[in-house]
Amino acid sequence: MTEQHPIPDTMKALRLVKFNENYQLRNDIPVPTPGPGELLVRVAAAGFCHTDYQVYQGTYGTQLPFTGSHEPAGTVASLGPDVPRTWQVGDRVGVLNFRNACGACSGCKWRAKVYGSLDARYCENKTMGGILKADGGFAEYMIASHYALVRLPDSISFEQAAPLMCAGATVWNAIRETRLLTGQTIGIVGIGGLGVLGVQFAKALGLRVVAIDNRDVGLKLASEVPSHLRPDLVISFNSPAAAGQISDFTDGIGLNAAVVCTDDGPASDWTLHRLQPRGTCVVLGLPDEGLKFDAFNLVFREIVVKGSLHSSVDEVMKMVDVVAKHGIVSHLTLLRLEEGEAIPQMAAAHAFTGRLVVTI
């Protein structure tokens, strides 16, 4: 439990008022009131990710003005009606962004038929906190749904917890989707906010890991994770020796699987050529120009290419346990809320390394 403060009537927030213009820091935003099944969270830290930049660009058609960030962590400040008693004021929580499955769209019908339950991740009309229909974490307070929260142990700081709510949950799910077993080989391609966590997750799960990038900053990040979680091999895919290094590492067979954490389209195709026959590549990047693969390589070697969105709440809970047990960390750039108006401009200029987290 964390000491609680009186809830004010108004709060500070970074507001997106016009697409493609920097945030505006406001101090007169009404503190929201939680409805049935909802909680009010006092935000301590919130991350900025590529999707936040897409919101800034207007990609999702978000109704403005709007408060971004779908990577919040903080403490429960108050409970709305009908919240399960398992949640209490003062609980340390991370907030997930998929809410309010409609139950009527094709995604919901599929989920109900196959699993007997709804999952907002697959709903065509879902609410995505900090992205669409609900304000996010770049504020002192925000609303969360009781079924889209995870408990945070005291050993994980709010600053480290924030990126886990999207970057962590995304790359964790991708690794799980490879269905690899202990001792098998995986390439993590693109070592940024997702990739640096992916390397550590894969090592913690007992996989043999190759970290792959073509940027000095990415290769450096891969080598700077905690020593017990460092990749077995770090290579640049621009190096003429890269293919041979992977072949040697895998006894001439190729990687069992790979997770691509970059929007670099050619990197995805390059990765497919580094897999064993029937190897699996999980693609997380969303390049504007789409993805293009060598058809002969894809068909003749029966390569499997999969998409992956985000972990379920149950899987995020498992991920948090692994983070706490193995001391997994993100490389962070920290800014105070009051310093955050120019975040989109900074992101466009690549003015920070690792994951940007706003402290509140």
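A residue counts as buried when its relative accessible area is under 20%. The exercises below apply this term and others to a predicted model.

**Exercise 1. Find which residues of helix 7 are buried, and state what follows for the helix.**

Solution. Begin with the residues themselves: in helix 7, the buried ones are Gly265, Ala267, Ser268, Asp269, Trp270, Thr271 and Leu272. Next, set them against the whole helix, which covers residues 265-272: seven of its eight residues are buried, so helix 7 is largely enclosed by the rest of the structure.

**Exercise 2. Decide whether Gln276 is buried or exposed, and list what it touches.**

Solution. First place the residue, which belongs to strand 16, residues 275-283. Then apply the cut-off: buried means under 20% relative accessible area, and Gln276, with a value of 19%, is therefore buried. Finally, look at its surroundings, where, leaving aside neighbours within four places in sequence, Gln276 is in contact with Ile253, Gly254, Leu255, Asn256, Arg301 and Ile303.

**Exercise 3. Describe how strand 6 is covered and which strands pair with it.**

Solution. Start from a general point: in a regular strand the side chains alternate between the two faces of the sheet. In strand 6, residues 92-95, Arg92 and Gly94 lie on one side while Val93 and Val95 lie on the other, and all of them are buried, which leaves both faces covered. Now turn to the partners: strand 5, residues 71-79, pairs with strand 6 in the antiparallel sense over three bridges, and strand 6 also pairs with strand 11 in the antiparallel sense, over three bridges. Gly94 serves as an example on both sides, being the bridge partner of Ala73 and having Val150 in strand 11 as a bridge partner.

**Exercise 4. Work out which residues touch the most others in the largest nonpolar core, and which elements build it.**

Solution. The core holds 49 residues, and the members that touch the most others are Ile186, Phe201 and Val259. The elements that each supply at least two residues include strand 3 (38-48), helix 3 (158-177), helix 4 (193-204) and strand 15 (255-260). Helix 3 provides the largest share of this core, eleven residues. To see one member in detail, take Phe201, which, neighbours within four places in sequence left aside, is in contact with Leu164, Gly168, Val171, Trp172, Ile175, Met319, Val323 and Ile328. Apart from this core lies another, of 32 residues, including Leu16, Tyr56, Trp87 and Leu335.

**Exercise 5. Describe the space, lining and makeup of the largest pocket, and then of the second largest.**

Solution. The largest pocket contains about 1,400 Å³ of space. Its lining has 47 residues, and those closest to the centre are His50, Leu194, Cys261, Asp263 and Arg355. Among the elements that give two or more residues to this lining are helix 1 (50-57), helix 10 (343-348) and strand 19 (355-359), and helix 1 gives the largest share, four residues. Sorted by kind, the lining of the largest pocket has 23 nonpolar, 18 polar and six charged residues.

The second largest pocket contains about 750 Å³ of space. Of the 33 residues that line this second pocket, Asp119, Arg121, Ser312, Val313 and Asp314 lie nearest its centre. Helix 9 gives the most to the lining of the second largest pocket, with six residues. By kind, that lining divides into 17 nonpolar, six polar and ten charged residues.

Notes: Residues are numbered from 1 along each chain as its sequence is written. This is a predicted model: local features need pLDDT of at least 70, side-chain atom pairs count only at pLDDT 80 or more; totals for chains, interfaces and linings use all residues. Side-chain values use heavy atoms; hydrogens and water are left out. A nonpolar core is a set of buried Ala, Val, Leu, Ile, Met, Phe, Trp, Tyr and Cys residues joined through side-chain atoms within 4.5 Å. Buried means under 20% relative accessible area, exposed over 50%, partly exposed in between (1.4 Å probe, protein chains only). Contact means heavy atoms within 4.5 Å. On a 1 Å grid over the protein atoms alone, a cavity is a set of points where a 1.4 Å probe fits but cannot get out, and a pocket is an open set with protein on both sides within 12 Å along at least five of seven lines; lining residues have an atom within 4 Å of a point. Grid points are joined across faces, edges and corners, and a volume is the space filled by probe spheres set on the points. Ala, Val, Leu, Ile, Met, Phe, Trp, Tyr, Cys and Pro count as nonpolar, Asp, Glu, Lys and Arg as charged, and the others, Gly among them, as polar. Two strands pair if DSSP finds at least two bridges between them.
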